2 protein chains.
Amino acid sequence: MPSDVTVPSRVRASDELRQAALEQFATVGFAASSLQQIADHAGYSKSSVLYHYASKEALLEAAIGPAIDLLETLLRDFVAGGRAAAARAVFIERFVDFLLGNRLAVHTFVNQGQSLRGLPVIERANTAIRGLADSICADDASLAEQMRFGVALAGATYMLVAGATFLDDGDQQFADAEVRDALVAVLSELLLTADGRPTR
Amino acid sequence: MPSDVTVPSRVRASDELRQAALEQFATVGFAASSLQQIADHAGYSKSSVLYHYASKEALLEAAIGPAIDLLETLLRDFVAGGRAAAARAVFIERFVDFLLGNRLAVHTFVNQGQSLRGLPVIERANTAIRGLADSICADDASLAEQMRFGVALAGATYMLVAGATFLDDGDQQFADAEVRDALVAVLSELLLTADGRPTR
DNA sequence: GCAGGAGCTGACCGATCGGTCAATTACCGT
DNA sequence: ACGGTAATTGACCGATCGGTCAGCTCCTGC
């Protein structure tokens, strides 16, 4: 029994299928993604998909679940660390890194979190997003402040995730590091300075 | 020949169907909206839908086309008026009003503009959005400036359109006027002040 | 050498999809 | 009273959907 934990020799079929499914879910949507298309895109048959994943919904869970876990951790840490400006700054960087590292999954559950209401994994994502909003934005915050938060997070998410429509994709993709810095700057501008109430 | 132009006596079936379709497209997505569901929701049969609209795609065109026309007009006026700070301020207000008055349509073609690529009406919407981005953000603008624009417009759009997930919907909806003012304030903050280059 | 399980697949199922068509109903000017 | 047109509908079509199942091919431990 030399290796019990994932032999890296060959790529696992379930991983290929999960990745193909994630790409399909993010680009054409969950409802419009057929198991046949996912199977074709990954080079397997539809039956193989249903062999590795019990249902289309289980495939969605496998595709975006890990990213939701990360988001929940991010949220938990931020809540524990307090809402001071310094903590916010740290959070902003971690949040942007999270977006950059999970573009497809975030695109999927942000863009379709409303239309797929009812699926457990989507409910979990929506709950996390709501918790994120509540934690940054105190209940008694002004509407303008809530708007500032919403515009920042939603705008950042959309820019990284579906940004191809807005950004010049004529010239090739900007380096991730560049995008990260620019985005962190804009978010800090929005969420840290604030007109009169930097801490609360 | 007393009245040739739209007798307002009774609601037109085509309008009811178009509205029901728009709601379905915005909430569950175009691909996941069946003609049967739309017909049921409007109180007609599926055949009636296809009597008034030649196809599902034609129904989408009727549902979101007018909003795209408005967006194109908005864009044309802004391009003609120049990019000065004052012109930007006017544009911001008009843009927010446009969002408020066309929430469902905007939600549809912004959220699904990528997945529905190929449909003519969607291509028109994407072209308008791209034109909007290019017109505000000069080609030589820094990446941070492009980000600022993208975050502002995408964030504002998402807040008004799918904001139920982020905003407190526990207590009831804020008045549109309040939302409008708050959003105009945040957008002005982002797009007018700019760090060093207010005009260009 | 062989039993057996994992991986993979084609055939098939009922349901639903977008769309066509013929028939029926309701309403109109004459 | 009647002919014609607009509006509406149910029956039906081929295609595709998510999902089930039996069988096929390997590879491995004994």
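A nonpolar core, as I use the term here, is a set of buried Ala, Val, Leu, Ile, Met, Phe, Trp, Tyr and Cys residues joined through C-beta atoms within 7 Å. I wrote that down before opening the structure, which is a predicted model.

**Entry 1: the core**

I started with the largest nonpolar core, which holds 112 residues. Which of its members touch the most others? They are Ala156(A) and Ala156(B). I then looked up the contacts of Ala156(A), leaving aside neighbours within four places in sequence. In chain A, Ala156(A) is in contact with Val96(A), Leu99(A), Leu183(A) and Leu187(A). Its list also includes a residue of chain B, Val151(B).

**Entry 2: chain A overall**

Next I went through the elements of chain A and found 9 helices and 0 strands. Read from the N terminus on, the chain runs α-α-α-α-α-α-α-α-α. Of its 200 residues, 39% are buried. I also checked the contacts between residues at least 6 apart in sequence: 70% of these join residues at least 24 apart.

**Entry 3: how the two chains relate**

I laid chain B on chain A, and the RMSD came out at 0.0 Å. The operation is a turn of 180° with a shift of 0.0 Å along the axis. That is the relation of a two-fold axis. Which residue of chain B comes closest to the rotation axis? It is Gly155(B), with its C-alpha at 1.8 Å. The same surface serves both copies, since 100% of the contact residues of chain B recur in chain A.

**Entry 4: where the chains touch**

I looked up the contact between the chains and found 37 residues of chain B against 37 residues of chain A. On the chain B side, helices H1 (13–28), H7 (120–136), H8 (143–161) and H9 (176–191) each supply at least two residues. H8(B) gives the most, with 13 residues. By type, the chain B side divides into 22 nonpolar, 12 polar and 3 charged residues.

**Entry 5: the DNA strands**

I took strand C before strand D. There are 16 residues around DNA strand C, and the closest are Ala13(A), Ser47(A), Ser48(A), Ser34(B) and Ser55(B). The elements giving two or more residues to this surface are H3 (46–52) of chain A, and H2 (35–42), H3 (46–52) and H4 (56–81) of chain B. I sorted the residues of the surface near strand C into 5 nonpolar, 8 polar and 3 charged.

DNA strand D is also surrounded by 16 residues. Here the closest are Ser34(A), Ser55(A), Ser47(B), Ser48(B) and Tyr51(B). Two or more residues come from each of H2 (35–42), H3 and H4 (56–81) of chain A, and from H3 of chain B. The surface near strand D divides into 5 nonpolar, 8 polar and 3 charged residues.

**Entry 6: helix H2 of chain A**

I wanted to know which residues of H2(A) are buried, and they turned out to be Leu35(A), Ile38(A) and Ala42(A). Seen down the helix axis, these fall within an arc of 65°, so they line one face of H2(A). Helix H1 (13–28), H3 and H4 of chain A are included in what covers them. After H2(A) comes Gly43(A), whose phi is positive, near 85°.

**Entry 7: three single residues**

Is Gln36(B), in helix H2 of chain B, buried or exposed? Gln36(B) is exposed, because 11 other C-beta atoms lie within 10 Å and the cut-off for exposed is 12 or fewer. Its C-alpha is 31 Å from that of Thr127(B), 91 residues away in sequence.

Ile64(B) sits in helix H4 of chain B. I counted 28 other C-beta atoms within 10 Å, so Ile64(B) is buried. Leaving out residues up to four places away in sequence, Ile64(B) touches Ala105(B), Thr108(B), Phe109(B), Val121(B) and Ala125(B). One of these, Thr108(B), is 44 residues from Ile64(B) in sequence and 7.7 Å away, C-alpha to C-alpha.

My last stop was Ala128(A), in helix H7 (residues 120–136) of chain A. Ala128(A) is buried, because it has 22 other C-beta atoms within 10 Å. Its contacts, apart from neighbours within four places in sequence, are Ile68(A), Leu71(A), Glu72(A) and Leu75(A). I also looked up Arg18(A), which lies 110 residues from Ala128(A) in sequence and 22 Å from it in space, C-alpha to C-alpha.

Terms used. Residues numbered from 1 in each chain as written. Chains lettered and ligands numbered in written order. Predicted model: local features only at pLDDT ≥ 70, side-chain atom pairs only at ≥ 80, totals over all residues. Near = placed C-beta within 6 Å. Helix = DSSP H or I, 4+ residues; strand = E, 2+ residues; numbered from the N terminus. Nonpolar A, V, L, I, M, F, W, Y, C, P; charged D, E, K, R; others polar. Contact = placed C-beta atoms within 7 Å. Buried ≥ 20, exposed ≤ 12 C-beta atoms within 10 Å, placed from the backbone. Least-squares fit on C-alpha atoms with pLDDT ≥ 70 in both. Arc of directions from axis to C-beta.
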